[in-house]
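Q: I would like to learn how to read side-chain features from a model, taking one feature at a time. Could we look at the structure together and begin?

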Amino acid sequence: MRTLVLGRTPARVTSVLDTLRADGFDVEGASTDEEALKLLETEQFGVLIIGGGVGPGSRASIKEFAARHRVGRVIDGALTAPFDAYVRREFEPLIREAIAGG
């Protein structure tokens, strides 16, 4: 199951992607709503992580769009340092749960 990470700061998105990929997850990243919508439209993502920098209006419309395009789990996150530890503690268990069907 693929995961899409949406965040406004490209360096932070890259950090999340690097950690998740190192731990065996199939992930893609986006920094703009347009990029995220285009990727979600493919219906290849089961999980969406939305970073803390994404505003409420964008967050709501992206979640609505994701629900219509086969995303089963949306995770709201706001990274704290160290980023890799946060990703492993907060995101990875939720992604694993979604993969397992929970």
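Q: Is D76 buried, partly exposed or exposed, and what is its relative accessible area?

A: A word of care before the reading: this is a predicted model. As a general idea, buried means under 20% relative accessible area and exposed means over 50%, with partly exposed in between. In this structure D76 has a relative accessible area of 44%, and therefore counts as partly exposed.

Q: Which residues form a salt bridge with D76?

A: The general idea is to look for a side-chain nitrogen of Lys or Arg within 4 Å of a carboxyl oxygen of Asp or Glu. Here R59 forms such a bridge with D76, the closest N and O atoms lying 2.6 Å apart, and K63 forms another with D76, where the closest N and O atoms are 2.9 Å apart.

Q: Where in the chain do R59 and D76 lie, and what does their pair tie together?

A: R59 belongs to helix α3 (residues 56–67) whereas D76 belongs to strand β4 (residues 73–76), so the pair ties together parts that are 17 residues apart in sequence. The pair of D76 and K63 likewise links strand β4 with helix α3, and these two residues are 13 residues apart. As for accessibility, R59 is buried, with a relative accessible area of 16%, while K63 is partly exposed at 29%.

Q: How many salt bridges does a search of the whole structure find?

A: The search finds 11 salt bridges. Among them is the one between R88 and D23, whose closest N and O atoms are 2.7 Å apart; this pair links distant parts of the chain, with R88 in helix α4 (residues 83–99) and D23 in the loop between α1 (10–22) and β2 (26–30), 65 residues apart. R88 counts as partly exposed at 35% relative accessibility, and D23 counts as partly exposed at 29%.

Q: Turning to a helix, which residues of α2 are buried, and why can they be said to line one face?

A: The general idea is to look down the helix axis and see in which directions the buried residues point. In helix α2 (residues 33–40) the buried residues are D33, A36 and L40; seen down the axis of α2, they fall within an arc of 65°, so they line one face of the helix.

Q: What do the buried residues of α2 pack against, and which exposed residues does the face turned away carry?

A: The buried residues of α2 pack against β1 (2–6), β2, β3 (45–50) and α3, whereas the face turned away from the buried side carries the exposed residues E34 and K38.

Note on methods
Residues are numbered from 1 along each chain as its sequence is written. This is a predicted model: local features need pLDDT of at least 70, side-chain atom pairs count only at pLDDT 80 or more; totals for chains, interfaces and linings use all residues. Side-chain values use heavy atoms; hydrogens and water are left out. Helices (H or I, at least four residues) and strands (E, at least two) are DSSP runs, numbered from the N terminus. Buried means under 20% relative accessible area, exposed over 50%, partly exposed in between (1.4 Å probe, protein chains only). Contact means heavy atoms within 4.5 Å.
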